[in-house]
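Dear colleague,

Please find the structure for your review below. My findings follow it.

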Amino acid sequence: MSTTAPLLQVEDLRVEFKTRRGKALVLNGVDFQIRGGETLCVVGESGCGKSMTALALLRLIPSPPGRISGGRVLFQGEDLVQADEARMHKVRGNRISMIFQEPMTSLNPVFKVGDQIGESLRLHAGLDAAAARARTIEMLQQVGIPAPERRVDEYPHQLSGGMRQRVMIAMALACRPDILIADEPTTALDVTVQAQIFDLLRDLQREKGTAILLITHDMGAVAEMADRVMVMYAGRVIEQGTTEQVLSHPGHPYTQGLIDCLPELGSSLQHERAELAEIRGVVPSIWELGSGCAFRERCPHAMARCAEQVPPMFATGEHGALATGDGTHRAACWLHTQDQMVVA
Amino acid sequence: MRTMASPIEQLAPTALASSNTLLSVRDLHVHFPRAKSGWFQPPEVVKAVDGVSFDVTRGTTLAIVGESGSGKTTTALAVMRLSPVTSGHIQLGDTDLGALEGEALRQARTRLQIIFQDPFSSLNPRERAGAAVRAPLDLMQVGTPAQRTERVAELFKAVGLRPEQQHLFPHQFSGGQRQRINIARALATNPELVVCDEPVSALDIAIRAQILNLLARLQRELGLTYLFISHDMAVVEHICDDIAVMYLGQIVERGPRKAFFANPLHPYSVALMSAVPTVHGGRKHAAQRIKLSGDPPSPINPPAGCRFAGRCPMAEPACVAELPPLREVVPGHWVRCRRVDIVDGLPRAPLQMPTA
């Protein structure tokens, strides 16, 4: 992890969607930063705003009905929220690129994979067809696709799921971006292929120094990939910190729940199988939030105060709730009121 | 098209079968013919399931684990008689399921139901949730119409939904709730065997735990028998009593849960287990992981020897030459690997789980 100025700084990002029931605030004051070469994991259930955050960074929110209604996305000092469309074209797929969850639907079935990778090279790097093809083959080689000279002329349906996701990664990394956004890149894949893709992302990151924003709902993936973690719930960041801080001393009951409900391999050997810990209920819809903490209905520690006021971010320490800490580990939960300082 | 299996496979697993066995599958083959690649070429055959035998004891869960393309879903569909069976014997209780046709088969379907992987595409978007759950009752003429209405409400409660939610459409439910509707529909006819085809793979981790707990509770309360298909070893360990690992159409290891997870024998089982990311293992675990390179070979022309040999870190020349039989190394624990040795009466795995 480098200590230089953040590569990407997101401040108070808000996204709203116009609906028949009025305006829905799907991102509500999201703050975070990514430093060069690090991996930040965004964790949360479906509907928590993880993917929306990623789309907002690239200004890919379908508009209308959606729009970024506030905040700044500072990429190397430049506010992307204010940038014009021509500028965004230069950023997308070039400086910041993205891989999506479902590798089948995000590749165009009627074009050869080589042409799809080459497109961004020709567009952004200004390579001619022959040079783009040579570089494409090199990229396919790097992401571990066997016989790249042959694969470059194949169509997506001729590749397996893992291979398609490798093609997506090759496409995303072709222009050597500063930031790679990976939106649940392995959810549709087998665990063995997931392991291969994670290895690949780690290796490529080490070689090229690309920062990765990895979106996932799996705490196991976080433990394996992340330098830092940000947990989202109902459009807000509710906890962030280093992987060690968040996984070993989770500051928010939701984070604790996400860790507990993951079945652990080998658990049945020591003791008899018990029920898995579960987070009861579902993520509330945007219309059911009301005032107070969005997680209170599902929270085992909910207090009267939780229904009245949205908890601010409290800085928690190295060892959880009671230490004063250095401010890098923060959680938005009233459990931390006693002797905490409010940081945001 | 009929393939002869080795005599070991045909005889041995029968020893396991007892009166308490609900489902018994012997030497199941499911082959799909493909179009000829040329005029004078013989037609190619995809051997999706190639000689699979197992038993499921009443009231327990057998998990079938493997990667995409291992034939685990095809096995499940063949057991459901939703996929053509090339050869083999499927017995449910006293009924020879494989021999049933037409109306008799349709009637037998009340006894076996399936929960599909994708909770979104497995419900008709234009049909209200209650109607979806009621459909099997109407089709099978279970009880009077009034009793069916009552049963639907009861089923909604059993799976943790509110009875008034039966008037909603699928899009008004979350993924986890939709899977609950699928479970209610599967349970409507009081089946003996429920096939769960990756029922939690498409769900968020937080919801996954809810559905796994629900399935476990329903099994306890209703005495259900599950055939549980999954690729996730951690999920499987939580739900199964017995486990069978499939690779390229064949079972490579089979055993009771504790024996298997305490001492996985086949290198592929070990690799699958080591692929699961764990919260406590973190990067150290990832670094020590057993890496499988490449994809499984094509089931059109599967290798003559051990089908896993090409990706196996422990393979030796003899593995490639000859297909090892599925042998019982300790009572109940079967493995198809010639490199498993028996030392002092205990099987020793050629490849150990890395210790984090």
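The notes below cover the domains of chain A, the main nonpolar core and one helix of chain B.

Please bear in mind that this is a predicted model.

Chain A is divided into domain 1, residues 8-233, and domain 2, residues 255-264 + 277-336. The centres of these two domains of chain A, taken over C-alpha atoms, are separated by 28 Å. Where they meet, 11 residues of domain 1 of chain A are in contact with nine residues of domain 2 of chain A. On the domain 1 side, β2 (22-34), α8 (219-225) and β9 (228-233) of chain A each supply at least two residues. By character, the residues on that side divide into seven nonpolar, two polar and two charged.

The largest nonpolar core has 205 residues, and those with the most contacts inside it are A170(A), L227(B), F228(B) and V245(B). Helix α6 of chain A, residues 161-173, gives the most to this core, with eight residues. Domain 1 and domain 2 of chain A both give residues to the core, so it lies between them. As for F228(B), leaving aside residues up to four places away in sequence, this residue touches T61(B), L62(B), A63(B), C196(B), V236(B), I239(B) and C240(B).

In chain B, helix α2 (residues 72-79) is mostly covered, with eight of its eight residues buried. Among the buried residues of α2(B) are K72(B), T73(B), T74(B) and T75(B). The helix α2(B) is followed by R81(B), whose phi is positive, near 60°.

With kind regards

Key. Residues numbered from 1 in each chain as written. Chains lettered and ligands numbered in written order. Predicted model: local features only at pLDDT ≥ 70, side-chain atom pairs only at ≥ 80, totals over all residues. Core = buried A, V, L, I, M, F, W, Y, C linked by C-beta atoms within 7 Å. Buried ≥ 20, exposed ≤ 12 C-beta atoms within 10 Å, placed from the backbone. Helix = DSSP H or I, 4+ residues; strand = E, 2+ residues; numbered from the N terminus. Domains from an automatic or database assignment. Contact = placed C-beta atoms within 7 Å. Nonpolar A, V, L, I, M, F, W, Y, C, P; charged D, E, K, R; others polar.
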